[in-house]
Structure formats: structure tokens, C-alpha cells
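Look at the sequence and the model shown here. The report below moves from the whole chain to its strands, pockets and cores.

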Amino acid sequence: MKKLMYVLSFVVLASIILAACAPAATPTAEPTEAPVVATEPPTATEPPAPAWTAPEGALVAYPADAAPTLDGKADDAAWTNAQELVIPVAGGFNNFGTDAKLKAVYSGDTVYFVLTYADPTESWFRSPWQKQEDGTWKKVVDPNDKGGDNNTVYEDKFAMIWSINNSIKNFETAGCFVACHAGENSDKKPYGNKYTASESEFGDIWHWKSVRMLGQIDDQYLDSTRYDPEKAVEAGRKSDKKDSGGYADNYASMPDPADSTKTVPDKTKPGFTSPSIDLTTGAPGYILDSEKVALDQAALDAMPVGSYIPGIVKSAIVGDRGDISAAWDWENGVWTIEFSRKLTTGSETDVQFSDLTGTYYFGLAIFENAQVRHAFENGSTPFVFMPKP
């Protein structure tokens with residue numbers, strides 16, 4: 001028994017020693033988490049800007065890398081990408097009507113336009129002088145003209161009226177009709193009077209005259225002045241200020257009966273001719289001031305009976321009235337008129353294209369050999385600028 005206890009003690013002791021000498025158990029690895037990386041919150045995506053679109057029926061001025069040359073040909077690259085707008089006009093003398101075709105571009109500080117329209121005749125025979133059988137001189141006139149209503153021996157013209165600062169009430173929808181007062185003074189003026197409704201309403205008139213203008217469009221304006229036979233025969237239609245130049249009737253001069261130191265027009269005969277004039281036809285219908293030659297009685301007497309001398313002497317306008325440059329050409333029954341103006345002029349009687357995101361409105365009229373009985377568009381046309389890319 002004693003021996004058995006000894007053996008058991010030895011076994012227990014050996015087990016303890018072996019356990020102490022055994023290698024330590026490898027601890028189980030704890031799972032690791034991925035390191036947290038700081039990130040920016042997602043950026044909200046801006047929706048794409050809507051494509052630019054022009055108002056319906058608008059004339060759009062397209063940006064051009066190079067300005068077109070004003071020569072009446074309209075064949076410059078600048079016009080290639082400009083979309084054409086067609087404006088029908090009707091109601092003129094002899095019910096003349098045509099499609100006015102307009103394009104516009106802008107480059108630098110200037111906006112450019114080209115207008116083309118069908119016109120069967122180039123009207124330049126504007127009331128010239130003609131020598132009579134008895135040696136006197138008379139103006140060729142429309143026999144039915146009772147004053148300011150020449151429809152047979154006149155010139156071709158067009159006019160645009162712009163609402164300055166959109167000040168003319170209802171112009172956007174009615175156009176020039178809001179300023180036309182047909183029937184007023186009908187015994188004196190076939191188309192009545194033109195004026196705005198209030199003193200705060202102004203229009204800018206661009207008036208092209210094929211015979212009387214020299215490389216320009218006549219810059220005029222419209223206000224609220226009513227007709228007065230002494231003080232305001234033209235009612236609200238007026239001309240911008242000028243320093244010099246322009247056109248004048250070709251009259252001789254004579255001493256003023258009231259003051260011999262002064263002269264007054266002698267409306268019985270022409271005062272000037274030019275080497276460029278064709279006396280058999282009167283072409284080109286005007287005399288350049290730079291080429292005019294004074295006529296004395298001996299020179300008039302020496303001219304053959306039936307000779308024609310133009311009734312207009314002209315030069316370029318200097319000043320506010322002359323700030324619209326132009327060139328034109330009539331060929332194969334079509335007028336092509338190119339014209340340009342600074343976007344802003346600083347003149348209170350001009351429309352200012354100072355906001356290229358704005359909308360401007362104009363009305364268009366075309367005169368076929370008519371002094372006042374013009375064809376016209378219904379309503380007005382919006383005008384906008386396409387943004388530069």
C-alpha cells in the first residue's frame with residue numbers, strides 16, 4: 001500500500017512538470033477593422049444650363065468674329081451663319097407689298113443689319129428740274145400731289161421705328177400703329193399724323209432715303225408733339241441734331257426783298273449742276289455737294305430744251321443725325337441695304353442696345369417710290385442678341 005502511494009505521487013509530480021515545460025498556447029487573433037478614411041461629402045451636380053432660345057418671330061443678332069463690310073453686296077462671311085427673318089409688308093401705294101428679309105450680326109461695339117426686298121424699279125427720278133420750251137425751268141411733279149403726297153416721281157425708302165427703353169405703350173403688340181393717327185388733317189396729309197400718346201414715350205426712327213442720303217441712314221426720332229400747321233407740320237416726327245451736311249433742295253438764290261444783304265431761295269430754277277449729271281435723263285438723281293457747280297443764267301440758257309437737272313444736293317451728315325452708316329445696291333429687281341450703328345451712342349433720341357440680354361422692338365415700313373404711302377408690317381418685331389459662345 002505504501003508502495004502504491006509512492007507510485008501515484010510520482011505520476012502526479014511528473015504531470016505537473018510536463019505541463020510547466022509545455023509551450024504556451026497561441027492566443028486566437030481578434031478580427032481587425034479597416035481604418036476609417038475621412039471623405040468629402042458628395043458635391044451636388046449643377047443641372048446643365050438650358051439652351052438659349054430666341055423669342056418667337058424675333059430678329060436675332062448673331063455674334064461675328066469679323067465685321068461685314070458695308071458695300072451693298074452682303075457677301076461677307078459674317079452673314080453666312082446669321083438666320084434670315086422674313087417680315088411681310090403690304091398696304092403701300094398701288095397696294096405695293098413685298099417680303100422684307102432681314103439679318104443681323106454684332107461684332108465689337110457695333111451691330112450690323114442687312115435688308116433685302118423685291119422692288120421692280122429703282123426709283124431715283126425724284127422731282128428733277130426740266131427745261132421748258134420757253135426757256136423756263138419747272139420741277140417734274142406728281143400731278144395728283146396736293147402737298148406731301150408724291151407717288152410717281154419720288155425715291156425708294158424704308159423706315160424702322162424702335163421703342164426707346166420700351167417706353168411706347170403697347171408698341172410690343174401693335175407696333176407703329178400706336179403712333180399713327182390716320183385721318184387727322186386728311187385734307188393736308190394723306191396718312192394723318194405720327195406722334196406718341198404721352199411725353200414719356202419716345203421712338204427712334206431709322207429712315208433710309210435712296211436718293212437723299214450719302215452712305216448713311218437718316219437718324220430721326222418720335223415724340224408726343226401734336227400737329228400744328230405753323231409750328232409742327234410733321235407733328236411728332238423730328239430729326240436728330242447735326243453739326244453739318246445732309247441734303248437740300250437744288251434752288252438758285254436771289255437777294256432777299258426785305259434785306260438786300262441776305263439771299264433767299266429762288267424757287268423758279270436750279271442753282272447747281274455737276275459733271276456727273278446726265279442731262280438727258282437726270283441720272284443719278286442727285287448732285288454731290290463736293291462736285292456741285294454753280295449755274296448762272298447764261299449756263300441755264302445754253303442747255304437744250306428738255307434737259308434734266310436733279311432737285312437734290314447732298315453730303316454726308318456730321319453729328320448725331322448721321323450715326324447710322326449704310327451702303328446699298330439695286331440689282332435685278334432687288335434692293336440690298338447694309339447698315340450699322342454703335343450698340344450705344346449716348347444720345348437720348350436713340351435706342352441704346354446696352355443690355356445684350358434684353359429684348360428690343362421695332363416696326364418696319366417700305367416706301368415704293370412714295371413720299372408717305374408706305375407698306376407696313378402688322379405689329380412689331382422683337383430683336384435680341386444671341387450670346388457669344
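## The chain as a whole

Among contacts in the chain between residues at least 6 apart in sequence, 67% join residues at least 24 apart. Contact here means heavy atoms within 4.5 Å. This is a predicted model: local features need pLDDT of at least 70, side-chain atom pairs count only at pLDDT 80 or more, and totals for chains, interfaces and linings use all residues. Residues are numbered from 1 along each chain as its sequence is written, and side-chain values use heavy atoms, with hydrogens and water left out.

The chain has three helices and 25 strands. Both are DSSP runs, numbered from the N terminus: helices are H or I with at least four residues, strands are E with at least two. The chain holds 389 residues, and 42% of them count as buried. Buried means under 20% relative accessible area, exposed over 50%, and partly exposed in between (1.4 Å probe, protein chains only).

## Strand β23 and its partners

Strand β23 covers residues 360-367. Eight of its eight residues are buried, so the strand is largely enclosed by the rest of the structure. In a regular strand the side chains alternate between the two faces of the sheet. In β23, Tyr-360, Phe-362, Leu-364 and Ile-366 point one way. Tyr-361, Gly-363, Ala-365 and Phe-367 point the other way.

Which strands pair with β23? Two strands pair if DSSP finds at least two bridges between them. The table lists the antiparallel partners β7, β25 and β24.

| Partner of β23 | Residues of partner | Bridges | Facing residues |
|---|---|---|---|
| β7 | 157-163 | six bridges | Ala-159 and Ala-365 |
| β25 | 381-385 | three bridges | Pro-382 and Tyr-361 |
| β24 | 375-376 | two bridges | Ala-375 and Ile-366 |

## Strand β4 and its partners

Strand β4 runs over residues 110-118. Eight of its nine residues are buried, so β4 is also largely enclosed by the rest of the structure. Strand β3 (residues 98-107) pairs with β4 in the antiparallel sense, over seven bridges. Ala-104 stands opposite Phe-113 in this pair. β3 and β4 form a hairpin, with two residues between them. Gly-108 sits in the turn and has a positive phi of about 65 degrees.

Strand β22 (residues 334-342) pairs with β4 too, over nine antiparallel bridges. There, Val-114 of β4 has Glu-338 as its bridge partner.

## A three-stranded sheet

Three strands form an open sheet in the order β13-β20-β17, with mixed pairing. Its edge strands are β13 (244-249) and β17 (287-288), and each pairs on one side only. β13 and β20 (residues 312-318) run antiparallel and share five bridges. Tyr-247 stands opposite Lys-314 in β20.

## Pockets

On a 1 Å grid over the protein atoms alone, a pocket is an open set of points where a 1.4 Å probe fits, with protein on both sides within 12 Å along at least five of seven lines. Lining residues have an atom within 4 Å of a point. A volume is the space filled by probe spheres set on the points, which are joined across faces, edges and corners.

The largest pocket has a volume of about 1100 Å³. Of its 41 lining residues, the closest to the centre are Lys-194, Glu-234, Arg-237, Gln-371 and Val-372. Which strand gives the most to this lining? β23 does, with four residues. By class, the lining has 18 nonpolar, eleven polar and twelve charged residues. Ala, Val, Leu, Ile, Met, Phe, Trp, Tyr, Cys and Pro count as nonpolar, Asp, Glu, Lys and Arg as charged, and the others, Gly among them, as polar.

The second largest pocket holds about 200 Å³ of space. It is lined by 13 residues, and the closest to its centre are Glu-122, Ser-210, Tyr-286, Lys-314 and Trp-328.

## Nonpolar cores

A nonpolar core is a set of buried Ala, Val, Leu, Ile, Met, Phe, Trp, Tyr and Cys residues joined through side-chain atoms within 4.5 Å. The largest has 38 residues. Those with the most contacts inside it are Phe-158, Trp-162, Trp-206, Phe-339, Phe-353 and Phe-383. Leaving aside neighbours within four places in sequence, Phe-339 is in contact with residues including Phe-113, Phe-158 and Trp-206. Another core, of eleven residues, lies apart from the largest; Ala-64 and Val-105 are among its members.
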